[in-house]
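Student: I would like to go through this model one question at a time. Please start with a pair of packed elements and work outwards from there.

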Amino acid sequence: MEFTNKYDLTEGTKLTWPLKLLFYIGGQITMLTLGFPLALMVDGSAGAALVLGLCLIIGSIIMTRKVDNEKLILSVALPLFFSGEVLSSFMLINHEMPKSAFWFFEFCVLIVSWIFCRNHFMRQLILLSIVSVFPLMIDFIGSFLKNFWFYYAILLMVIYGLTIWFDADKFKKENLYAQYIPTLRFCIVVVAIPCALLGIDYVIQSIICALLSFAVALFILSKQEIGSTKKALGTALVLLGCAASCVTPNVSLAVLGLILTYMVLDKFGVVAFGLFLIYSIGKFYYDMEILLSHKSYLLMGSGIIFLLLFFFINRLKK
């Protein structure tokens with residue numbers, strides 16, 4: 001549950017999700033109607049599209065600071081903002097410039113918009129855009145790291161872990177950081193899984209995720225008040241379980257995500273990473289480059305280890 005943003009001027013006019021969607025669709029229809037004269041105004045000019053796009057973005061952000069009606073913000077300000085983003089993106093198509101430089105510009109626009117926007121829902125969407133645009137901005141790193149997309153997914157999971165370490169309960173409810181912890185976690189889950197799917201499988205990535213999973217699980221185990229014998233047995237089983245997750249990088253990342261999301265009872269994260277784990281195991285099983293017998297034995301061994309972990313955890317609860 002999100003805290004109420006003390007800067008959010010729409011308090012008292014909150015809408016349900018179906019109504020939010022209805023007003024947003026209405027606003028999008030309006031923006032599409034206005035899009036024809038706007039397209040004539042830019043007339044294929046990248047510079048004109050950039051200026052007009054920035055004007056729309058600035059206007060939408062100003063509107064969030066002046067208007068206290070969420071219906072108007074959803075049906076006017078939010079479509080204006082995204083229309084401005086699309087128009088400013090027109091510059092990439094019609095102007096020869098490095099893609100990383102363009103995405104850096106977009107990233108800066110999103111950061112400034114997030115800072116000055118005063119509508120909580122719009123800030124959530126802008127934060128999701130920021131998390132998504134960041135890897136596009138630094139795609140030149142791909143020349144140094146062969147698979148930057150998956151490393152970015154790992155980085156996001158590290159940030160997720162930090163949101164658990166510095167949890168919202170340690171801050172006052174009006175603290176801006178505390179208010180956006182649930183949103184940040186949601187954005188990380190939404191972006192990390194596609195980034196992992198865009199990546200290429202390397203063993204080192206599986207090992208990194210497995211080590212992170214082991215560190216988190218070991219931390220959880222250290223907090224349990226159990227005897228040294230059970231703690232040693234638990235450590236050995238956790239180590240084996242994390243090693244068993246090294247089947248593929250996607251499987252190891254899904255296991256890491258499940259451990260982290262389960263720690264804070266993030267239902268969306270648990271479901272998302274659970275489905276991602278099932279998909280990753282299925283994709284590995286139907287990989288034609290590996291012998292079926294090898295895959296069967298490997299998955300069977302991993303399953304036995306995870307079952308042992310399950311029974312051990314249930315024993316600890318008792």
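**Helix packing in a predicted model**

Tutor: We begin with handedness: α5 and α8 cross in a right-handed sense. The model is a predicted one.

Student: How are α5 and α8 oriented to each other?
Tutor: The axes of helix α5 (residues 120-137) and helix α8 (residues 181-198) come within 9 Å and cross at roughly 40°. Angles under 35 degrees count as roughly parallel, and 65 to 115 as roughly perpendicular. The pair is therefore oblique.

Student: How many residues of each class make the contact of α5 with α8?
Tutor: On the α5 side the contact is made by Gln124, Leu127, Leu128, Val131 and Ser132, and on the α8 side by Thr183, Leu184, Cys187, Val190 and Val191. Sorted by class, these are seven nonpolar, three polar and no charged residues.

Student: Is Leu136 buried, partly exposed or exposed?
Tutor: Leu136 is a residue of helix α5. Buried means under 20% relative accessible area, and exposed means over 50%. The relative accessibility of Leu136 is 27%, so Leu136 counts as partly exposed.

Student: Which residues does Leu136 contact, leaving aside its neighbours within four places in sequence?
Tutor: One partner is Ser100, which is 36 residues from Leu136 along the chain, with 6.6 Å between the two C-alpha atoms. With neighbours within four places set aside, the contacts of Leu136 are Ser100, Trp103 and Trp149.

Student: Is Thr163 buried or exposed?
Tutor: Thr163 belongs to helix α6, which spans residues 148-165. The cut-off for buried is under 20% relative accessible area. Thr163 has 2%, so Thr163 is buried.

Student: Which backbone oxygen does the side chain of Thr163 reach?
Tutor: A polar contact is a pair of N or O atoms within 3.5 Å. The side chain of Thr163 comes to 2.5 Å from its partner, the backbone oxygen of Tyr160.

Student: How do α6 and α11 run relative to each other?
Tutor: Their axes lie 10 Å apart, at an angle of about 15°. Angles under 35 degrees count as roughly parallel. α6 and α11 are therefore roughly parallel.

Student: Which residues of α6 and α11 make the contact, and in what kind of crossing does α6 pass α11?
Tutor: α6 contributes Phe150, Ala153, Ile154, Met157, Tyr160, Gly161 and Ile164, while α11 contributes Pro249, Asn250, Leu253, Leu256, Gly257, Leu260, Thr261 and Met263. By class, this contact has eleven nonpolar, four polar and no charged residues. The crossing is left-handed.

Student: How is α11 oriented to α12?
Tutor: Helix α11 (residues 249-263) packs on helix α12 (residues 267-285) at an angle of about 160°, with 9 Å between the axes. Since angles over 145 degrees count as roughly antiparallel, α11 is roughly antiparallel to α12.

Student: How many charged residues does the contact of α11 with α12 have?
Tutor: The α12 side is made by Gly269, Val270, Phe273, Gly274, Phe276, Leu277, Ser280 and Ile281; the α11 side includes Asn250, Leu253, Gly257 and Thr261. By class, the contact of α11 with α12 has eleven nonpolar and six polar residues, and the charged ones number zero: there are no charged residues.

Student: What share of the protein chain is buried?
Tutor: The secondary structure of the chain consists of 13 helices and zero strands. Among contacts between residues at least 6 apart in sequence, 72% join residues at least 24 apart. Of the 318 residues, the buried share is 41%.

Terms used
Residues are numbered from 1 along each chain as its sequence is written. This is a predicted model: local features need pLDDT of at least 70, side-chain atom pairs count only at pLDDT 80 or more; totals for chains, interfaces and linings use all residues. Side-chain values use heavy atoms; hydrogens and water are left out. Helices (H or I, at least four residues) and strands (E, at least two) are DSSP runs, numbered from the N terminus. Buried means under 20% relative accessible area, exposed over 50%, partly exposed in between (1.4 Å probe, protein chains only). A polar contact is a pair of N or O atoms within 3.5 Å; within protein, one must be able to donate a hydrogen and the other to accept it, and residues adjacent in sequence count only if both atoms are side-chain atoms. Axes are lines fitted to C-alpha atoms, for helices over the stretch in contact, and angles run from 0 to 180 degrees between N-to-C directions. Contact means heavy atoms within 4.5 Å. Ala, Val, Leu, Ile, Met, Phe, Trp, Tyr, Cys and Pro count as nonpolar, Asp, Glu, Lys and Arg as charged, and the others, Gly among them, as polar. A crossing is left-handed if the near helix is turned anticlockwise from the far one by less than a right angle, and right-handed if clockwise.
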